Amino acid sequence: MSDTQSDGRRPVFAAERRQRILELVRANGAVSLRELAQAVHSSEVTVRRDLRALESEGLLNRHHGGATLPGELSREAGYAHKVSLESAEKSAIADLAGALVEDGDAIVIGPGTTTQEFARRLTRHAELAVVTNSLLVAQVLAGSPRIEVMMTGGTVRGSILALVGSAAEQSLAGLRVRRAFISGNGLSAERGLSTPNMQVAGVDRALAAAAEEVVVLADHTKVGVDTMVQTVPPDRIDHLVTDDSAPRDVLDELSARGVRLHVAQF
């Protein structure tokens, strides 16, 4: 079986296309359906069929937005890998999320490359109080004299450059702020936000518990994805800031559960 290319390229046979898809997923750990379709010059319908075939052979796992390697439920990508992914989308998400912060607010911010981008949008604010367990967020805000930055205690987790553990969770106990801005590795309508690591999940829960409202920052590669440890259930998420490549069916389900959607357009 082959797909004829409308622009004159030679037909791509299914076996060749599926091998290329598998190579992309193995190289990146998780790849969106849109990216796969562009990479193999085929329609998303064709790529979905390929993913079903590869999943039936146990070579990858399908989800709403694309595919991951088997075992990705418990795999945590490192900072260096994350920072190279979907940078335009993360920037647009950070811009939208910045509109949810006002001068004088007290907020908490979790770790992640998207929350790091978001923190860069806060430097124009005055009288802002920020609590974070992210070394990167603290570094971004450290030079802003009108922003008070407080870090949790805890043990440094090198893969995400953040503080985790019981000391981090205890330092957040009893805290009350207006909003929590957090990310994660997956977001589904059924389980909400999730992450592969139990220590990271524990601090994310504590960040969410400290806030009147929870704002999730997640680009389209995370929407429709489920990872091992639930952090914030869907009925506890007040806002989702994402991009317009996120799976529409998942966004509709989240909206039906009361999540307010903020979608960056490209």
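Which residue forms a salt bridge with Asp252? I looked this up first and found Arg248, with the closest N and O atoms 3.2 Å apart; a salt bridge here is a side-chain nitrogen of Lys or Arg within 4 Å of a carboxyl oxygen of Asp or Glu.

I note that this is a predicted model, in which local features need pLDDT of at least 70 and side-chain atom pairs count only at pLDDT 80 or more, while totals for chains, interfaces and linings use all residues. Residues are numbered from 1 along each chain as its sequence is written, and side-chain values use heavy atoms, with hydrogens and water left out.

Asp252 and Arg248 lie four residues apart in helix α10 (residues 248-256), and therefore about one helical turn separates them; helices (H or I, at least four residues) and strands (E, at least two) are DSSP runs, numbered from the N terminus. I recorded Asp252 as partly exposed at 42% relative accessibility, and Arg248 likewise at 48%; the term covers values between buried (under 20% relative accessible area) and exposed (over 50%), with a 1.4 Å probe and protein chains only.

I then turned to Arg191, which forms a salt bridge with Asp226 at 2.6 Å between the closest N and O atoms. This pair links distant parts of the chain, 35 residues apart, with Arg191 in the loop between β12 (186-188) and β13 (192-195) and Asp226 in the loop between β14 (211-217) and β15 (229-232).

My search of the whole structure gave 17 salt bridges, one of them joining the side chains of Arg20 and Glu23 at 3.8 Å, N to O.
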